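Visitor: I'd like a close look at one part of this model rather than a full tour. Pick a single helix, please, and tell me what lies around it and how its neighbourhood fits into the rest of the chain.

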Amino acid sequence: MSGSSQKADVTFEEDDLPYEEEIIRNPYSVKCWIRYIEYKQSAPKHVVNMIYERALKELPGSYKLWYNYLKQRRKQVKGKCITDPAFEEVNNCHERALVFMHKLSPENAEEYIEYLHSIDRLDEAAVRLAAIVNDESFVSKEGKSNYQLWHELCRLISTNPDKVKSLNVGAIIRGGLTRFTDQLGKLWCSLADYYIRSGHFEKARDVYEEAIQTVMTVRDFTQVFDSYAQFEESMIAAKMETTAEMGQAEEDDIDLELRLARFEQLINRRPLLLNSVLLRQNPHNVHEWHKRVKLYEGKPREIISTYTESVQTVDPLKATGKPHSLWVSFAKFYEENGQIQDARTIFEKATKVNFKHVDDLAGVWCEYGEMELRHENYDEALRLLRRATAVPARKAEYFDSTEPVQNRVYKSLKVWSMLADLEESLGTFKSTKAVYDRIIDLRIATPQIIINYAMFLEEHNYFEESFKAYERGIALFRWPNVYDIWNTYLTKFIDRYGGKKLERARDLFEQALDRCPPKFAKTIYLLYAKLEEEYGLARHAMAVYERATKAVEPLEQYEMYNIYIKRAAEIYGVTHTRGIYERAIEVLPDEHARDMCLRFSDMECKLGEIDRARSIYSYCSQLCDPRITPSFWQMWKEFEIRHGNEDTIREMLRIKRSVQATYNTQVNFMSSQMLKASTNATGTVSDLAPGQSGMDDMKLLEQKAQQLAEEAEREKPKPKDKILFVRSDASRDELAELTKQANPDEIDIDDDDDEDEDEPDEVPLEQKAVPSAVFGGLKDD
């Protein structure tokens, strides 16, 4: 309000002009207004009030002006009766101050809303809460998010529809539905709760129906559906209570049955409604469309409608699953109901769909052909598959995704395989051969296709043609894919010709073994050796076995050597296996080498070569730690009992002690190395002798070494008499005394020990008469 307009209502003195001019020049200066008011303090109260009003109109947010003004107005009514109209004017001033000054501390708006709650002024609380929710710059003092404040507003207005009149509840909650899309379930339930509390039950039901038809997540659907079901249950319960209190009438029965039927229908609709939610999430989910069809089982119209909607909705480029299965299932539905022509129509449409993968279109063609076969339309099935494999006007590579699948399906092995099967069953030899040749020319054949082709030719007695088919397959593939072809080819060739074309068979085997991985070599080598054994030369077979022991995997070498030894023994005799045993023992790992040594020594024993067998045991002992392989030493011990004497037994024990010492040394060396590493890593010299940090480090090490040596000496077992070596000058009495001592390696040589004798008798040796033929003519002399 300008000064000129006030002059019409208030008379200004001449001294007021400087203040008025200053205010006109700067009406937004609080100091100017304060100086003017202080100057007019002696003026009548209505003049001072008018200046305050003018100042607050220009500066409505000034706390100082409002505070001084309200203080001034309270002084003016002090001592007056409470019914005086001046009191109402002062109250109005306070109300206006609150309206303007609540912008001063907006962070305390929540406290004000809580206060309004406490005095049951819910309408005003809802208005204030709506204001801070719409204020994007508002920061909650209690740390609440905008959604939490919104949810409080929805709960407040939905649970108190009779007290909140100033807000449009429906518009507010629906606004939240577009704003907070991750909490749709709670907001829909709040809106429905508002209508339920307002008594608008049909509107609430409409809200629930709209919600379950629009929500996009299973969580929101579950919240809405559970609330909807609870609402229907409460309506039924309320109706039953009312009927029980007021009496039952015919209209009440109808209404109750209607509500029960509505509730039952809602429960039955749940799977279908949930399926709709999932399809709204991803309309290209093929699996969910199939589930939807199952839910409509027994309802052909709904099934046809669902299939039609699915094939129109699902984009093959975005589909989750196999989109062609929808077309196939759609056609099969018509087929199962006897509408073959409609099924053909569906298949024809499916063959024109631009699927993402060639395999999808190939699946359609194959299913189309299968349907014709089920109805014994064999010629039509052949015609369809020939159509599918026909070369298009514009050729394209199988994996060229820029080209439509219709231009690439002619290279689909799935379609060609089915066509080959049909040609074998229904076509001619010439047409079938042409199909297989075409598959190979297109370079889409698999090893199984090659084998099928060759066997087909063999069944028609085209043996050389079948061998050529194998060779074409071998030219197409590399290891390991070519293994099955080689294995079948070689087997069939041997079965066919045997030894008639031996050189050719050998060439084939050599070709097969060229660059053959060790994993697949065993079977081919055994087949090769069998060929040489049956139709070739034995020495060639042995050479093949020898090559096989080097060509196979390390894990198969032991088994290969066993076969080699067995076959060599059967063909040449056991003496021929000595060299094989020796090579096997050199090549094989310790575990298998030990077994070979035992078998080798057993063979020599059977041949009467005791010294050879003993040498083998001696060699093998270097591989056998007595603590780990006690069985070996027991077998050697039994061998010496049967075939040895006192010297050989002593030699065996000496070797055993030597081997034991060797392994102990290795273990101790490793332990010392580990201890040294750990000491260097974690300890110092001072750790060896704590408390003597001032001593020389070398001296400490010497003390520790001496201490360890003394402990080892104490733990060393002391002999009762004296230690006798194998070759010594000890008397027989001393030896007899030693034999009485407990020895874990003691061997009972004599079966007829006499416990009463002081000295052991000499070991009795069995003697036999030397045949006279040995001496010849010397016997007579």
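Guide: One bit of vocabulary before we zoom in: contact here means heavy atoms within 4.5 Å. Keep in mind, too, that this is a predicted model. The backdrop is a chain with 38 helices and zero strands, and 38% of its 781 residues count as buried.

The helix to look at is α18, which runs over residues 340–350. Its buried residues are I340, A343, I346, F347 and A350. Those five span an arc of only 115° around the axis, so they sit on the same side of α18. As for what lies over them, the cover includes α17 (324–336) and α19.

Now step across to α19, one of those covering helices. It takes in residues 358–374, and D360 is part of it. D360 is worth a pause: this acidic side chain is buried, yet it has no salt bridge. A salt bridge needs a Lys or Arg side-chain nitrogen within 4 Å of a carboxyl oxygen of Asp or Glu, and the nearest side chain of opposite charge to D360, that of K322, is 6.6 Å away. K322 still turns up among the residues D360 touches, once neighbours within four places in sequence are set aside. The others on that list are P323, H324 and F355. Of these, H324 sits at the start of α17, given that helix's range of 324–336.

For contrast, here are some charged side chains that do pair up. The structure holds 34 salt bridges. In one of them, R506 meets E532 at 2.7 Å, N to O. That pair links distant parts of the chain, with R506 in helix α26 (residues 502–513) and E532 in helix α27 (residues 518–535), 26 residues apart. R506 counts as buried because its relative accessible area is 12%, and E532 is buried as well, at 2%. D220 is another buried acid, with a relative accessible area of 2%, and its side chain meets R219 in a salt bridge of 3.8 Å. R219 itself is partly exposed, at 47% relative accessibility. Elsewhere, K433, D437, D441 and R472 are linked in a network of salt bridges.

So if you rotate the model, start from the buried side of α18, find α17 and α19 over it, and then look for D360, buried without a salt bridge.

Technical notes. Residues are numbered from 1 along each chain as its sequence is written. This is a predicted model: local features need pLDDT of at least 70, side-chain atom pairs count only at pLDDT 80 or more; totals for chains, interfaces and linings use all residues. Side-chain values use heavy atoms; hydrogens and water are left out. Helices (H or I, at least four residues) and strands (E, at least two) are DSSP runs, numbered from the N terminus. Buried means under 20% relative accessible area, exposed over 50%, partly exposed in between (1.4 Å probe, protein chains only). Lys and Arg count as positive and Asp and Glu as negative; His and the chain ends are not counted. The arc is that of the directions from the helix axis to the C-beta atoms.
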